[in-house]
Structures are given as structure tokens and as C-alpha cells.
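Some labels given to parts of a structure rest on cut-offs. The turns below set values against those cut-offs.

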Amino acid sequence: MTIKQVDTFPLLYRLPQPYGDANGYKKYRTCCLFRLRTESGLEGWGECVDWLPTLELGFRERIVPFLIGKAATNRRPLVKIINKWHQRIATGVSMALTEIAAKAAGLSICDLWGGRWQAQVPVYASFQSYSDRPDWQRHSIKLVEQAVAAGFDKVKVKIGGKRIAEDQKHIQALQSSLAGAVQIALDANQSYDAATAMEWQRLFSQWDNLLWLEEPLPMNRTADYKLLRSRLSIPLAGGENLQSAEQFLPLLAQGAIDIAQPDTMHLDGIDSYRSTLETIRQFGLRVSPHAFDGALSRLYALFAQACLPPWSKMADEELEPVEWDVMENPLQQLVPLAPSGGRVTLPDGVGLGVELDLERIAAFRWDERTYI
């Protein structure tokens, strides 16, 4: 199976109203899809996220010339080479070649990986809580209420971008609105030091519906995470930007976190991502994948999660949730898959088991003659 053709689809959606987290506001959402086609007619889709002009130039001058004529079955060596040039493109290529391998074998992705433990995967509604509206707290709470009405029973909201008092007022109002009926995760985007994170304990001790506190500190502060884990009455989570199982090891070995959150986009290929999941499981930790950037990478996170052995024998606790971005972003709908009751039923057809929305891809295609 020789790769014959590579087509790229850079996509851009300009947000009518910016939203964001402690790292700042997002004014647009982008992703770059690409399709590999073999001489035998098999196709596989990949996805990556970066500055679109850089991606287009990289594909045109290096990635496409390199892939044409290569064996599609040679996935891991090809991904390793491309990873030296661009890690996220390498991850996307691994997706496309995995899909081609599954189609050639007449298998679903999960069956190619040895079979799934679960047909459904729980998801949580993920929010970018901040906006430039004067009533940003009320607006944030309204968005969460809408997601809960749509069936989500787990949500994640942002802290760390405002003063502690303002963020605490927001979360207290949210708790009052939801009346404890929904589980809540708080994501600080590495905004605090240990002492500042401890200022939340007064409130944490009052609530029994908290899922976790996500990345209160930079992830390299292992000792501080270990200290917080011993002092806070809420599980600690993190790791979305770590790029290998090796980078997770200090956190795992020293018992610094309760929940690991690798991201398919931030590791060097789907094979590396699955290896990282298995490594984390060997330490007996929960895994709740970060999956904010794209619909296709989220789908692969769902596939991998379904193939992950249960972390617990407790009823209804066999599988941890995957992030589901619910903010305005039509690019997240490129894969026609939707949760129901806070869970996603995975497609089980050959390959991805679902067709990408080609009309939507065409509608949001970015013209490289325009600025982002």
C-alpha cells in the first residue's frame, strides 16, 4: 500500500465573541485536516493544530514530498521521522495511517487495537469560562446550565485568570445554581503557586461534587503537587502538555497526581499516546484525556479510552471521562458524533466507522491569501 496523494484542508472559524481561560482569549478556532490516499484507493484522515501558514508551508515543502511513494504500512518509522520536523503533524500522520491499516484489515480502529472494553465512553462538558462581557460570570453559568439541560452530568470550568476572590465568587454562584446535582472540575491552567492553590481548600471542604483540580501549578513542580495532594480534599489532575510517558514518570512515581490527562495532539503519535495510557494504568492511576483541539483527535481519544482496561471494580466507575468542548466552534462538528446523557456511543464500522462532514470542511476552508 503505497501513499499516492496527500490533500490538506486548513480550516478557520472566526469567533463572533472571544472566550478564554487563564492563558487569554481565543478569537478564532483552527485546525488542519489532511487526507492520505494509497494507490489501492484506501484513504485515511489526519488532523493537527498550529499556525495555519506554517502548516501549509511545511506540508507543501517537506511533508508531502516525503510521504509520496512511502509504504502506508510503515507507520511507526514514518511517524518517528516526521516527529523530528513537526510533532503535531506526526500525530496526524499516525491517525491517517492507522485508519488505512484498519480499512485494509476490514476492522474498526478499536478492533485493530485488540478490542474495546466499553461500547460507550463518558464525557464531560468543557468550558472556556472567561469572556470580555461585563456579566461574564452570569454568562458562564448560563452556558453550563444549558449543557446540563442537554444531558451532561459532568462539567469543567476555568479558574486562575481572575483574582481569587472573583473566581471563588463565580464558582460559588455556579454551585448554587446547580445545587450539587452535577460534578464539577476546576482548571487553573498552571496559574498558581502552592500557597495560592491552598486558598481554595476552605471552599473545597464544603463541596462533595468536585471531580478534580486541574493543573493548579506548572507541571514540573512535582514536590509541590505532592504537597498539595496531601493537603487538598480534591483529586489533582494534569499533564495535557506532557509529550511522552517519560515526562509523566516523576508525577506517577512520586504520587503527585490522582488523574493523568494526556492529549493525543501533544504526544508523538497515536501509538505513543496509547503507550502512555497503558503506562499510567500500570501505576494504578485514573486517566481523563485532554481533547480540546480537534474533533478527529477527540475521536481517537475516545477509541483509546474504550480500549483501556478498567481502573476500578466499582460499579459505574470503570471508565474515566474524556473532555468534550462545548464552546462555540463548528470545527468540532466535523466528525458527526454527539453525546447523549453524558456518554458517547462509539461507531463500530470499518476504520473510523463514521464519515467526516465534507460540506462543513469546504465551508470553513482557509484561504492562505488572507490573514488569520
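The questions and answers that follow concern a predicted model.

Q: Why is helix 3 called oblique to helix 12?
A: The axes of helix 3 (residues 87-105) and helix 12 cross at roughly 60°. Angles under 35 degrees count as roughly parallel, 65 to 115 as roughly perpendicular and over 145 as roughly antiparallel. The angle fits none of these classes, so helix 3 is oblique to helix 12.

Q: What else describes the crossing of helix 3 and helix 12?
A: The crossing is left-handed, and the two axes come within 11 Å. On helix 3 the contact is made by M95, T98 and E99, and on helix 12 by L296, S297 and Y300.

Q: How do the residues of the contact of helix 3 with helix 12 divide?
A: They divide into 3 nonpolar, 2 polar and 1 charged. Met, Leu and Tyr count as nonpolar and Glu as charged, while Ser and Thr are among the others and therefore polar.

Q: Which residues touch the most other members of the largest nonpolar core?
A: They are L33, L186, W200, Y300, L302, F303 and L352, in a core of 91 residues. Helix 12 (residues 295-306) gives the largest share of this core, 9 residues. Another core, of 24 residues, lies apart from it and includes F34, L55, V79 and I82.

Q: What does L186 touch, not counting residues up to four places away in sequence?
A: L186 touches V157, I159, I171, W200, F204, W212, L213 and E214.

Q: Why is G161 called partly exposed?
A: The relative accessible area of G161 is 39%. Buried means under 20% and exposed over 50%, so a value in between is partly exposed. G161 is found in the loop between strand 6 (154-158) and helix 6 (164-178). Leaving aside neighbours within four places in sequence, G161 is in contact with A22, Y130 and D167.

Q: What makes A179 exposed?
A: A179 has a relative accessible area of 66%, and exposed means over 50%. Its place is in the loop between helix 6 and strand 7 (183-187).

Q: How do you know that N189 is buried?
A: N189 has a relative accessible area of 10%, and the cut-off for buried is under 20%. N189 lies in the loop between strand 7 and helix 7 (194-198).

Q: What is the phi of A179, and what is that of N189?
A: Phi is near 55° for A179, a residue other than glycine, and near 50° for N189, again a residue other than glycine. Both values are positive. Most residues other than glycine have a negative phi.

Key
Residues are numbered from 1 along each chain as its sequence is written. This is a predicted model: local features need pLDDT of at least 70, side-chain atom pairs count only at pLDDT 80 or more; totals for chains, interfaces and linings use all residues. Side-chain values use heavy atoms; hydrogens and water are left out. A nonpolar core is a set of buried Ala, Val, Leu, Ile, Met, Phe, Trp, Tyr and Cys residues joined through side-chain atoms within 4.5 Å. Buried means under 20% relative accessible area, exposed over 50%, partly exposed in between (1.4 Å probe, protein chains only). Helices (H or I, at least four residues) and strands (E, at least two) are DSSP runs, numbered from the N terminus. Contact means heavy atoms within 4.5 Å. Axes are lines fitted to C-alpha atoms, for helices over the stretch in contact, and angles run from 0 to 180 degrees between N-to-C directions. A crossing is left-handed if the near helix is turned anticlockwise from the far one by less than a right angle, and right-handed if clockwise.
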